[in-house]
Amino acid sequence: MANNKTYGGNKMSFWVHRFKVKQYFIGIMIAMAIVMFHAGSTILNNWSFLDQSPFLFTPFTKWISIDSGPLTLFLFLSLPLLCCLSGSQIYIDDVESGFIWHVVQKKSLRKYILNIEMISFFSGLVTVFIPLLINYAILWFFLPYLLPNLMINENLTVLNTTSFFANTYYTNPLLFIVFYMLLPSFFGGIYALFSTMIACFTRKKFLSVTASFLFVSVLSVISGILPNIFYAPNLISIASSPVYLPNFMRVVSSCMILMSFICISITLGVKRYVNQ
């Protein structure tokens, strides 16, 4: 929890100080456990086949976002919750501890708001990106590094109907992997920002932590009924998506609009609390 000594007096970096709370790492630790279990079980289950049929499995075909198994779905369904078990809780912690009053005396309110928005977004982004990267790195170390091929690889489901830029997967698979690391990570940042926005108006920690998960869960149901209008960000960000994919530019534009709305709402919520 923040306190007056750790900020301002010894001029410790604001960014470093923000990430010294252990509870901000719960989400990423759970995500790490899921992807490491997936990588370990994938390697053990396929180890006996590597000598007999080394072309069946590669890091590109068994990466968690492409390997359409129950762990993949479990991870991506839980990301809206895991991303909020992160630095997205700094604002509500500052309010509960009273540290916010010390901060606004030492720096401008505008800078404080910008800091909590950036920390919230990037903590959500990192909560997704690092586990996905580690999962791929483990598989890259143990499985044969071969380009994916529809004819010889097993259960390959990367198609234009299931993935954005599916052709890239067969021509430049590493670029495809990087894209599908960044896409859910970007959504992870939005989940965390949404959590901070809810905290600004409710100042209820449980509600702010679970709000993104509840909202995306409802959106998943609605998108199943009206796929041409709504989409579930956690499901379309799976490299081998199990749902209808919207136009990519529509995804980009809607994310920009949503982020703008969230950031404006956070600004208004913090100012309302400080000026009350």
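What is the lining of the largest pocket made of, by class: how many nonpolar, polar and charged residues? A few notes on this, and on some other points; bear in mind that the model is predicted.

1. The pocket lining. By class, the answer is 14 nonpolar, 2 polar and 1 charged residues. The pocket itself, the largest one, has a volume of about 360 Å³. It is lined by 17 residues, and those closest to its centre are Phe215, Leu219, Tyr231, Pro233 and Leu258.

2. Who builds the pocket. Three helices, α10 (173-202), α11 (205-225) and α13 (248-274), each put at least two residues into the lining. The largest share is from α13, with 5 residues.

3. A closer look at α10. Its 30 residues should span 44 Å at 1.5 Å a residue, and the end C-alpha atoms do sit 44 Å apart, so the expected and modelled spans agree. Most of α10 is covered, too: 23 of its 30 residues are buried. Just past the end of α10, Arg203 has a positive phi of about 55°, so have a look at that spot when you go through the backbone.

4. Cysteines. Don't go hunting for disulfides here: searching the whole structure turns up 0. Take Cys83: the closest cysteine sulfur is that of Cys84, and because the two sulfurs are 6.7 Å apart, they are too far from each other for a bond; the cut-off for a disulfide is within 2.5 Å. Cys83 is buried, with a relative accessible area of 0%. Cys255 is buried as well, at 4%.

Notes:
Residues are numbered from 1 along each chain as its sequence is written. This is a predicted model: local features need pLDDT of at least 70, side-chain atom pairs count only at pLDDT 80 or more; totals for chains, interfaces and linings use all residues. Side-chain values use heavy atoms; hydrogens and water are left out. On a 1 Å grid over the protein atoms alone, a cavity is a set of points where a 1.4 Å probe fits but cannot get out, and a pocket is an open set with protein on both sides within 12 Å along at least five of seven lines; lining residues have an atom within 4 Å of a point. Grid points are joined across faces, edges and corners, and a volume is the space filled by probe spheres set on the points. Helices (H or I, at least four residues) and strands (E, at least two) are DSSP runs, numbered from the N terminus. Ala, Val, Leu, Ile, Met, Phe, Trp, Tyr, Cys and Pro count as nonpolar, Asp, Glu, Lys and Arg as charged, and the others, Gly among them, as polar. Buried means under 20% relative accessible area, exposed over 50%, partly exposed in between (1.4 Å probe, protein chains only). The expected span of a helix is 1.5 Å times one less than its number of residues.
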